[in-house]
Amino acid sequence: MNSKILKAGFPLIVLLLFVATDGKADDLHQMLPSAPLHKEATLRHICAVTLRVVEGQNRVDESSLQEIRAGEALSDVGSQLQALPFKQFRLIGSKERSVSLGEEAVFNVVAANEESHSIHIVPAEVRHGKVGLSLNWFGPTGENMLDTKVAIKNGQNMVFGADGSGEASSILCLKVSCN
């Protein structure tokens, strides 16, 4: 009877060793949550999700070089905003939420042209100094304007823009910092 137990357990042990030696150990903790493989898998990450809503104003021709005015409140994302075809940027609002990995942070915001938008952000994992997350941006009529998964450096900003209408456009500045 003991030999049957040993034989039944042997293939499982071989599979686990194969997965761990194949460089997939980071994903193994998702399959076996009760048996973490490394220190990071045992930590409970709390993420501060900061969302700033910015209005891009005075659309310019992309080929022309313009001096950009972003103001002090946007100085940390000035170089990212500079790539967008606007002459000026105005901070509309800023909100922050603290969530655990896998938990959704929902931001209901007023964007350019006084439109109501809903932004849903779910930080999914922290790996190699980056935060993997999903972002869903819903416009004023509930249409999905952006549905994406990205990895951003932990504690750094990423800018997302919408085409908007006419001279103004809504821009999101997202920063996620996980411990």
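**Figure 1. Close-up of Cys173, a buried residue.** In this predicted model, Cys173 has a relative accessible area of 1% and is therefore buried, since a residue counts as buried when that value is under 20%. Across the chain, which has 179 residues, 32% count as buried.

**Figure 2. The whole chain, with its helices and strands.** The chain contains four helices and eight strands. Along the sequence these elements follow the pattern α-α-α-β-α-β-β-β-β-β-β-β. The accessible surface of the chain comes to about 10900 Å², and carbon and sulfur atoms hold 54% of that surface. Among the contacts in the chain with a separation of 6 or more, 50% come from residues 24 or more positions apart.

**Figure 3. The disulfide between Cys47 and Cys178.** A search of the whole structure finds one disulfide, and this link joins Cys47 to Cys178 with an S to S distance of 2.0 Å. The link of Cys47 and Cys178 is right-handed, with 105 degrees about the S-S bond. Because Cys47 belongs to strand β1 and Cys178 to strand β8, the pair ties together parts of the chain that are 131 residues apart in sequence. Cys47 and Cys178 are both buried.

**Figure 4. The open sheet that holds β1 and β8.** Four strands make up this open sheet, in the order β2-β1-β8-β7, and their pairing is antiparallel. The edges are taken by β2 (86-100) and β7 (157-161). Each of these two strands has a single partner strand, so one side of each is left without a neighbour in the sheet. Neighbouring strands of the sheet are turned by 20 degrees against each other on average, direction ignored. The partner of the edge strand β7 is β8, and the two pair in the antiparallel sense over five bridges. Within this pairing, Gly161 stands opposite Ile171 in β8.

**Figure 5. The open sheet that runs from β3 to β6.** This open sheet also has four strands, in the order β3-β4-β5-β6, with antiparallel pairing. Here β3 and β6 stand at the edges. Each has a single partner strand, so one side of each lacks a neighbour in the sheet. From one strand to the next, the twist averages 20 degrees.

**Figure 6. The hairpin of β3 and β4.** The strands β3 and β4 run antiparallel and are joined by six bridges. Two residues of β4 can be matched to partners here: Ile119 is the bridge partner of Phe107, and Ile121 is the bridge partner of Ala105. Five residues lie between the two strands of the hairpin, in which Asn113 takes a positive phi near 60 degrees. The two faces of β3 can be told apart by their cover: Ala105, Phe107 and Val109 form the covered face, while Val106, Asn108 and Val110 form the uncovered one.

**Figure 7. The largest nonpolar core.** In soluble globular proteins, nonpolar side chains tend to be buried together. The largest nonpolar core in this model has 23 residues. The members that touch the most others are Phe107, Ile119, Ile121, Leu133, Leu135, Leu174 and Val176. Two or more residues of this core come from each of β1 (46-59), β3 (105-110), β4 (116-127), β5 (130-138), β6 (144-153) and β8 (169-178). Another core, of ten residues, lies apart from it. Val54, Ala70, Leu81 and Val159 are among the residues of that other core.

**Figure 8. The surroundings of Leu135.** Leaving out residues up to four places away in sequence, Leu135 touches Ile119, His120, Ile121, Leu146, Asp147, Thr148, Phe160 and Leu174. Of these, Ile119, Ile121 and Leu174 are also listed, as is Leu135, among the residues that touch the most other members of the largest nonpolar core.

**Figure 9. Gly78 in helix α4.** Gly78 is found in helix α4, which covers residues 78-81. At 21% relative accessibility, Gly78 counts as partly exposed, because the buried class takes values under 20% and the exposed class values over 50%. Phe89 lies eleven residues from Gly78 along the chain, and the C-alpha atoms of the two are separated by 9.3 Å.

Note on methods
Residues are numbered from 1 along each chain as its sequence is written. This is a predicted model: local features need pLDDT of at least 70, side-chain atom pairs count only at pLDDT 80 or more; totals for chains, interfaces and linings use all residues. Side-chain values use heavy atoms; hydrogens and water are left out. A nonpolar core is a set of buried Ala, Val, Leu, Ile, Met, Phe, Trp, Tyr and Cys residues joined through side-chain atoms within 4.5 Å. Buried means under 20% relative accessible area, exposed over 50%, partly exposed in between (1.4 Å probe, protein chains only). Contact means heavy atoms within 4.5 Å. A disulfide is a pair of cysteine sulfur atoms within 2.5 Å. Two strands pair if DSSP finds at least two bridges between them. Axes are lines fitted to C-alpha atoms, for helices over the stretch in contact, and angles run from 0 to 180 degrees between N-to-C directions. Accessible areas come from the Shrake-Rupley method with a 1.4 Å probe; for residues, only the protein chains shown count as cover.
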